[in-house]
Amino acid sequence: MPSICLNFSGEKSGTMIRLNDILEEVRTYNADIDCELLEKAYVFSAKVHKGEENLAGEPYLNHPLEVGYLLARLKMDVETVVTGLVHDTLEENLTDRQTLKSLFGDVVAELVDGVTQIGRMSFRNVAERQAENFRKMLLATARDIRVVIVKLADRLDNMRLLPRQPEAVRRQVAQETFDIYAPLANRLGISWIKCDLEDYSFRFLMPEVYYELASRVAKKKRERDEYIDEAKRKIEQKLAEHGLVGKVTGRAKHLYSIYLKMERQGIDFDQVYDLAAFRIIVRELSECYAVLGIIHSTWKPIPGRFKDYIAMPKANMYQSLHTTVIGPYGERMEVQIRTEQMHRVAEEGIAAHWMYKEGRVAASAAAGESGQLAWLRKLLEWQQELTDSREFMRSVKFDLLSDSVFVFTPTGEVKELPKGSTPIDFAYSVHSQLGDHCTGAKVDGRLVPLRTELVNGNIVEIVSSTNQKPSKDWLNFAKTTKARNKIRQWIKTEERGKSIEIGKELLEKELRRHGMALKKTLMGEPFQKAIHELGFKGEEDVLAALGYGKVTLGQIVSRVLPEEERAEAAPSLPPTGIAKPRPTPSSSAIRIHGLDNVLFRFAKCCNPLPGDSAIGFITRGRGITVHTADCPHIAEEDPERCVEVTWDQKENANRSVKIRVLCHDRKGVLAAITGAITDSEANIVSATITSRNGDQGINLFEIEVNDLNHLNKVFNALMRVKDVYKVERVRS
């Protein structure tokens with residue numbers, strides 16, 4: 001029966017994977033293959049999935065076969081390939097762990113259980129689901145890295161059936177794939193899976209942009225292929241002239257990388273010249289640098305575009321020389337140069353470091369301890385320390401799933417930091433006390449602001465003073481989890497002391513109104529009982545919470561007053577538990593969890609809309625300020641003062657939001673843009689129209705919409721306007 005299969009390059013073929021395909025693939029790297037175990041797994045999977053179909057109407061068995069084949073292409077051990085064939089039998093309750101153990105052994109049963117545990121998750125909101133899903137995957141990874149490799153193969157094959165899902169499901173799965181699975185594949189060094197997952201996510205998150213770009217790339221396919229063939233022949237000729245042998249390949253860049261380039265440089269597709277990249281694979285390390293010299297002597301290199309990942313490998317152990325030159329016909333040409341072993345690591349990542357002996361598998365010491373899994377130890381530490389889901393995901397995305405920069409101490413020691421790090425991050429990476437007492441920094445011999453972003457090769461020297469203390473302002477530019485945690489710990493200690501004093505002062509004044517003394521009240525039985533009723537551990541916790549604004553005076557005083565005075569002092573509670581804002585023309589109700597009788601307002605920095613994932617921040621004396629969950633300002637605040645908020649969709653009122661529309665500056669395009677907005681039943685409050693570079697229009701609109709779905713409707717309408725190539729929401 002026909003099926004769609006993803007091959008190793010991420011292309012689709014029309015041939016269904018069969019057991020023999022998997023056996024043949026495994027034999028290419030493991031001559032002592034246990035065919036019986038794989039055949040048994042195939043028969044078992046076929047039996048339990050008999051009669052089942054996937055969303056495309058294909059036999060469900062296609063999916064485990066595809067996953068098994070992907071794992072074989074990654075050269076995984078037999079137990080892992082077997083796991084791919086039976087990976088979803090526990091999740092769908094088609095068998096039990098004991099049966100798997102008796103049929104396939106302890107290893108397979110453990111791996112299948114690990115994959116299943118990742119899938120069995122349910123959460124209250126998107127942020128929590130995403131963070132806890134990653135935590136679960138992390139713990140499974142610590143137990144056995146193969147669990148995550150199976151999960152990546154499973155997700156890659158599942159993405160091909162995503163068009164059959166409802167739109168809400170498509171966007172949710174695509175966002176999770178983009179935020180977690182693609183970066184994780186990159187961190188594990190499996191570049192082709194990372195690229196495929198990014199392209200799939202791109203397709204479902206921004207379908208209009210994706211298909212427009214795909215169409216424009218397809219139109220240039222013939223001339224691009226001709227260019228690749230000519231450049232390959234030229235490179236091979238030059239290598240031969242110098243007595244070098246190398247495998248030269250050329251490929252088109254994947255769509256998401258082209259889109260990223262357009263975004264970063266603010267250019268249109270027609271201005272992207274390096275749509276093709278070339279790879280030269282040689283035998284020896286010394287030949288890499290010899291080939292680099294040949295390329296640079298043949299074509300003029302572009303300054304600043306050379307990167308030596310051989311001398312300084314990436315965190316995922318990727319090694320290669322990267323350079324960009326002005327190639328044939330004056331077009332930019334990206335070239336990567338590496339050895340065969342480097343290429344294997346680049347394609348297979350951590351899977352390239354597995355050793356196969358007597359049917360058992362183990363990670364090589366060099367990969368597992370010194371490089372590939374060092375980041376895993378960091379994750380394990382952080383997931384225990386960071387209880388806030390948003391902060392945990394921020395730390396994961398920045399510290400572990402972003403690119404690195406390599407900088408030097410004054411003594412020549414190399415420090416690897418996430419891209420975007422500042423001198424503050426560098427100081428804390430050297431020592432916590434150096435970070436706490438940092439007063440300034442010298443980069444390459446000159447004083448720079450502490451918010452300066454570090455780049456590869458910087459020599460960084462920290463200036464310190466014992467009188468210096470961490471500042472809350474540092475959170476605006478400190479990036480690494482270690483730095484932010486240390487700064488927060490200091491601030492929390494300082495602010496807790498202040499909050500306790502504020503809480504004491506407020507309580508003392510209120511008790512005085514009722515003729516009561518603070519000291520006697522704190523020692524009394526009613527107050528001790530109130531501590532437990534309010535969910536706190538001790539006296540200082542209650543006072544700090546009062547100073548923070550987490551509890552009200554009424555909640556405390558009503559519990560410690562004499563019985564006859566309590567009714568008079570008790571706080572009035574709204575019957576629905578919904579906190580109503582001060583009357584304004586454009587307010588929407590929000591249900592506040594865990595708090596009663598509080599005021600709230602919307603943050604102007606991110607201007608949340610009904611439907612946005614939102615978070616509340618408790619301010620002193622001003623109630624709760626509501627931000628979007630991804631607002632950078634809320635990420636800088638104390639997690640203990642954040643509360644969960646959800647929208648009450650029963651109330652429907654317009655809220656204003658700013659959007660930016662980028663287009664080609666053509667006659668009539670502005671009229672088409674404003675028409676699309678009004679046709680989507682959105683009101684235009686204000687508009688600012690500017691032109692850049694003569695042919696680019698930048699249009700800033702403030703519009704009124706009902707909720708996030710209404711805004712998405714406006715976005716879709718705008719992306720259908722000819723000459724519009726980007727629409728984005730603007731946050732202050």
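1. A salt bridge here is a side-chain nitrogen of Lys or Arg within 4 Å of a carboxyl oxygen of Asp or Glu. Arg513 and Glu510 fit that rule, their side chains meeting at 2.6 Å, N to O. They sit three residues apart in helix H21, so about one helical turn separates them. Arg513 is exposed, at 62% relative accessible area; the cut-offs are buried under 20%, exposed over 50% and partly exposed in between, with a 1.4 Å probe and protein chains only. Elsewhere, bridges with shared partners join Glu263, Arg660, Lys726 and Glu728 into one network.

2. Some ground rules before going on. This is a predicted model, where local features need pLDDT of at least 70 and side-chain atom pairs count only at pLDDT 80 or more, while totals for chains, interfaces and linings use all residues. Residues are numbered from 1 along each chain as its sequence is written, and side-chain values use heavy atoms, with hydrogens and water left out.

3. Back to charges: the structure holds 25 salt bridges. One of them pairs Arg146 with Asp77 at 3.0 Å, N to O. Arg146 belongs to helix H8 (residues 146-159) and Asp77 to the loop between helix H3 (62-73) and helix H4 (78-86), so this bridge ties together parts 69 residues apart in sequence. Helices (H or I, at least four residues) and strands (E, at least two) are DSSP runs, numbered from the N terminus. Both ends of the bridge are covered: Arg146 is buried at 7% relative accessible area, and Asp77 is buried at 3%.

4. For contrast, have a look at Lys101 and Asp106. Their closest N and O atoms are 3.5 Å apart, which makes a salt bridge. Lys101 is partly exposed, at 38% relative accessibility.

5. Now the nonpolar cores, meaning sets of buried Ala, Val, Leu, Ile, Met, Phe, Trp, Tyr and Cys residues joined through side-chain atoms within 4.5 Å. The largest has 60 residues, and Ile22, Val86 and Phe104 make the most contacts inside it. Helix H8 gives the most to this core, with eight residues. Leaving out residues up to four places away in sequence, Val86 touches Ala41, Phe44, Ser45, Leu100, Phe104, Val108 and Val112, where contact means heavy atoms within 4.5 Å. Another core, of 36 residues, lies apart from the 60-residue one; Leu255, Ile267, Phe269 and Leu711 are among its members.

6. Helix H24 (residues 539-548) is mostly covered, with seven of its ten residues buried. Those are Val542, Leu543, Ala544, Ala545, Leu546, Gly547 and Tyr548. They pack against helices H21 (481-513), H23 (525-533) and H25 (553-560), plus strand S18 (614-618).

7. On to the aromatics. Rings of Phe, Tyr and Trp (its six-membered ring) pair if their centres lie within 6.5 Å, with planes under 30 degrees apart called stacked, over 60 edge-to-face and the rest tilted. The count comes to ten pairs. Phe202 and Tyr210 have ring centres 5.5 Å apart and planes at 80°, so they are edge-to-face, and both are buried. Tyr309 and Tyr318 are edge-to-face too, at 6.0 Å and 70°, and each is buried. Phe202 and Tyr210 also belong to one aromatic cluster with Phe178, Tyr211, Tyr256 and Tyr259.

8. Last, charges over rings: NZ of Lys or CZ of Arg has to be within 6 Å of the ring centre and within 35 degrees of the ring normal. The charged end of Arg155 sits over the Tyr181 ring, 4.1 Å from its centre. Arg655 does likewise over the face of Phe602, at 3.8 Å from the ring centre.
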